[in-house]
Amino acid sequence: MARFIGIDTSCYTTSVAVYDSQQGLVAEERTVLKVKQGHRGLSQSEMVYQHVRNLPELFHKIGNEIHSISGIGVSAFPRRRADSYMPAFLVGKGAGEMLSQTLHVPLYLFSHQENHAMAAMRNRPEIWNIPFYMMHLSGGTQDVLSVTWEAENMHFKNVMTSMDITAGQLIDRVGVALGLPFPAGKHVEVLAKGADNPCQFPVARVKNAFSFSGVETTVQKCIREGNQSSENVAAGVLQAIGRALKKELLSYPFESGRTMIAVGGVMSNTYLRHIVMEIGRKKGLTVLFADPVYSSDNASGNAFGVFMRYSHEKGNSQ
């Protein structure tokens with residue numbers, strides 16, 4: 001038996017997890033960073049401060065599961081590219097380095113984006129080392145990517161991205177304007193379920209890209225005017241995002257037969273999951289989600305990723 005620790009210190013959440021080679025995920029704890037009511041995020045220094053305070057508490061919670069450790073996996077940067085950097089991830093990276101040196105086990109550095117992908121791949125480990133598409137929709141990211149492999153490392157090629165703000169930013173900004181807590185995704189979803197006549201917000205068409213700044217302007221004006229219920233506004237925003245996904249994804253020449261992994265906090269939304277499943281069927285793609293609770297930021301992907309890397313490297317060395 002071998003166990004593996006995953007750590008992720010993102011812009012929204014401090015997370016740790018333990019993956020067992022025989023039992024799978026045996027522990028996972030996270031703490032959402034605190035944002036003052038009415039605010040739309042945190043500075044990097046505030047994120048770092050909260051992560052430093054949160055990590056010891058989370059490790060205390062999973063302490064009984066930390067034994068027989070064979071590897072550590074941590075999100076060290078947002079994306080796997082030279083210009084991708086955020087101080088918040090250095091907290092987790094530093095913790096991982098100390099654990100690695102103390103326990104005398106290897107440390108594997110992943111990107112936050114890879115962590116999200118691997119959180120979904122826990123349900124389909126057989127697609128490890130097989131090319132796939134990935135759609136990452138979260139508070140700060142809106143990317144559609146083609147993923148291939150170089151040895152055991154994922155190689156990402158951009159297919160689509162955001163021209164201005166992301167779907168996650170749109171949801172959070174509208175949620176805050178409606179008086180909801182930040183991050184607002186789950187609160188907007190609950191609110192939208194009470195709609196009786198969802199607002200119709202126009203969506204811009206941009207080839208191979210997404211644009212939601214115009215939608216936000218229209219929605220914020222609608223909220224200020226106060227002529228629509230919060231429920232109808234929330235539902236209208238989710239429907240606008242759904243229409244944007246359909247417009248761009250249905251027109252792109254995806255390679256039929258591949259898996260599309262759809263992850264990120266936005267992809268925990270039930271309505272948008274149905275939209276993506278519909279798109280996948282029409283494009284001949286097998287859509288793979290992380291379990292809803294693991295769509296938002298968490299460290300389970302890193303813990304699983306270390307297990308896969310360790311297992312493959314051990315097998316290749318024999």
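1. Arg 258 counts as buried, with a relative accessibility of 14%. This is a predicted model, and the burial of Arg 258 is worth checking against its charged partner. That partner is Glu 255: the two residues form a salt bridge in which the closest N and O atoms are 3.6 Å apart. Glu 255 itself is partly exposed, at a relative accessible area of 46%. The pair therefore joins a residue classed as buried to a residue classed as partly exposed, the cut-off for buried being under 20%.

2. The salt bridge between Arg 81 and Asp 83 has an N to O distance of 2.8 Å. Here Arg 81 is partly exposed, with a relative accessible area of 43%, while Asp 83 reaches 58% and is exposed. Neither residue falls under the 20% cut-off for burial, because the values are 43% for Arg 81 and 58% for Asp 83.

3. Lys 282 and Glu 278 also meet through their side chains in a salt bridge, at 3.2 Å from N to O. Both residues belong to helix α8, which covers residues 270–283, and they are 4 residues apart, about one turn of the helix. An α-helix has 3.6 residues a turn, so residues three or four places apart point the same way. Lys 282 is exposed at 58% relative accessibility, and Glu 278 is partly exposed at 23%.

4. How many salt bridges does a search of the whole structure find? The count is 16. Beyond the pairs described above, a network of salt bridges links Arg 3, Asp 20 and Glu 65. As to the charges overall, the protein carries 31 positive and 27 negative side chains, and the centres of these two sets lie 4 Å apart.

5. On the overall fold, the protein has 9 helices and 11 strands. Its radius of gyration is 20 Å, close to the 20 Å given by the globule rule for 318 residues, so the protein is as compact as a globular protein of that length. The C-alpha trace spans about 65 × 45 × 35 Å along the principal axes. Of the 318 residues, 54% count as buried. Among contacts with a separation of 6 or more, 72% come from residues 24 or more positions apart. The exposed area is about 13800 Å², of which carbon and sulfur atoms supply 51%.

6. Helix α3 (residues 112–121) is largely enclosed by the rest of the structure, because 10 of its 10 residues are buried. The buried set includes charged and polar residues such as Glu 114, Gln 113 and Asn 115, together with His 112 and His 116. It also includes Ala 117, Met 118, Ala 119, Ala 120 and Met 121.

7. Asn 302 is placed in helix α9, residues 300–317. Is this residue buried or exposed? At 0% relative accessibility, Asn 302 counts as buried. Setting aside neighbours within four places in sequence, Asn 302 is in contact with Asn 115 and Met 118, two of the buried residues of α3. Its other contacts are Gly 6, Ile 7, Asp 8, Gly 73, Val 74, Ser 75 and Phe 110.

8. Tyr 108 lies in strand β5, residues 107–111, and is buried at a relative accessible area of 7%. Not counting residues up to four places away in sequence, Tyr 108 touches Ile 72, Gly 73, Val 74, Val 306, Arg 309, Tyr 310 and Glu 313. Gly 73 and Val 74 are also among the contacts of Asn 302. The C-alpha atoms of Tyr 108 and Ala 303 are separated by 9.8 Å, although the two residues are 195 residues apart along the chain.

9. Helix α4 (residues 167–177) has 8 of its 11 residues buried, so α4 is largely enclosed by the rest of the structure. Those buried are Ala 167, Gly 168, Leu 170, Ile 171, Asp 172, Val 174, Gly 175 and Val 176. Which elements do the buried residues of α4 pack against? They pack against β7 (142–150), α5 (185–192), α6 (213–225) and α7 (230–249). Just after α4, Gly 179 takes a positive phi of about 90 degrees.

Methods:
Residues numbered from 1 in each chain as written. Predicted model: local features only at pLDDT ≥ 70, side-chain atom pairs only at ≥ 80, totals over all residues. Heavy atoms only, no water. Salt bridge = Lys/Arg side-chain N within 4 Å of Asp/Glu carboxyl O. Buried < 20%, exposed > 50% of the residue type's maximum accessible area, 1.4 Å probe, protein only. Rg over C-alpha atoms; globule rule 2.2 N^0.38 Å. Contact = heavy atoms within 4.5 Å. Areas by Shrake-Rupley, 256 points an atom, 1.4 Å probe, with all protein chains shown as cover. Lys, Arg positive; Asp, Glu negative; His and termini not counted. Charge placed at Lys NZ, Arg CZ, Asp CG, Glu CD.
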